[in-house]
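This report walks through the fold of one protein chain, from its overall dimensions down to a few individual residues. Please keep the sequence and the model in view while reading.

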Amino acid sequence: NTIPVDTDDLLVINRLHFDQRTRLGRGRIMWFVREAGSEDWRHGTETHMQRAHTDAELVTAIEQAGLTLIERRTPHGLEPTATATRIIYLAQKQT
């Protein structure tokens, strides 16, 4: 479990599970929000399914979509290392 937000008025809890064999990730996000001006709390949950892709799969998909890969970055804006687990791909439409 991770707790990305914990303030006086909001608590967010993430439960993440990744199956290496299927490359599927399941994330359950739970949140608790204090009602404005009261001591009452509301809560909610979401489930997110994600699939991990290899770099080669993503580059192929970008090219097949008619896009040009501009750069890859981590969520922190750094160049990804060989062991990076999350990469953002910046691509643009070819002219």
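Helices (H or I, at least four residues) and strands (E, at least two) are taken here as DSSP runs and numbered from the N terminus. In those terms, Thr74 sits in the loop between strand E5 (67-73) and strand E6 (88-93). The model discussed here is a predicted one.

## Overall architecture

The protein chain contains one helix and six strands, and read from the N terminus its elements follow the order β-β-β-β-α-β-β. Its C-alpha trace spans about 55 × 35 × 25 Å along the principal axes. The radius of gyration of the protein chain is 18 Å, whereas a compact globule of 95 residues would have one near 12 Å.

Buried residues account for 11% of the 95 residues in the protein chain. Of the contacts between residues at least 6 apart in sequence, 24% join residues that are at least 24 apart.

## Surface and charge

The protein chain has an accessible surface of about 7,800 Å², and carbon and sulfur atoms contribute 52% of that surface. The chain carries 12 positive and 13 negative charges, and the mean positions of these two sets lie 8 Å apart.

## The hairpin of E2 and E3

Strand E2 (residues 10-19) and strand E3 (residues 24-34) are paired in the antiparallel sense, with ten bridges between them. Within this pairing, Leu16 has Gly27 in E3 as its bridge partner. Four residues lie between the two strands of this hairpin, and Arg23 is found in that loop between E2 and E3.

What is notable about the backbone of Arg23, a residue other than glycine? Its phi is near 60°, which is a positive value. With a relative accessibility of 27%, Arg23 counts as partly exposed, because that category covers the range between the under 20% cut-off for buried and the over 50% cut-off for exposed.

## The hairpin of E3 and E4

Strand E3 also runs antiparallel to strand E4 (residues 41-51), to which eleven bridges join it. Two of the pairs across this hairpin can be picked out: Trp31 has Gly44 in E4 as its bridge partner, and Ile29 stands opposite Glu46 in E4. Six residues separate the strands of this hairpin, where Gly37 takes a positive phi near 75°.

## Two buried residues

Is Ile13, which lies in strand E2, buried or exposed? Ile13 is buried, because its relative accessible area is 18% and the cut-off for a buried residue is under 20%. Leaving out residues up to four places away in sequence, Ile13 touches Asn1, Thr2 and Ile3, as well as Arg28, Ile29, Met30 and Phe32. Ile29, which is one of these contacts of Ile13, is also the residue that stands opposite Glu46 in E4.

Thr74, in the loop between E5 and E6, is likewise a buried residue, with a relative accessible area of 14%. When neighbours within four places in sequence are set aside, the residues in contact with Thr74 are Glu79, Pro80, Arg86 and Ile88.

Arg86, one of the residues in contact with Thr74, also allows a separation along the chain to be set beside one in space. The residues Ile13 and Arg86 are 73 residues apart along the chain, and their C-alpha atoms are separated by 20 Å.

How values were computed
Residues are numbered from 1 along each chain as its sequence is written. This is a predicted model: local features need pLDDT of at least 70, side-chain atom pairs count only at pLDDT 80 or more; totals for chains, interfaces and linings use all residues. Side-chain values use heavy atoms; hydrogens and water are left out. Two strands pair if DSSP finds at least two bridges between them. The radius of gyration is taken over C-alpha atoms; the globule rule is 2.2 Å times the number of residues to the power 0.38. Buried means under 20% relative accessible area, exposed over 50%, partly exposed in between (1.4 Å probe, protein chains only). Contact means heavy atoms within 4.5 Å. Accessible areas come from the Shrake-Rupley method with a 1.4 Å probe; for residues, only the protein chains shown count as cover. Lys and Arg count as positive and Asp and Glu as negative; His and the chain ends are not counted. The place of a charge is taken as NZ of Lys, CZ of Arg, CG of Asp or CD of Glu.
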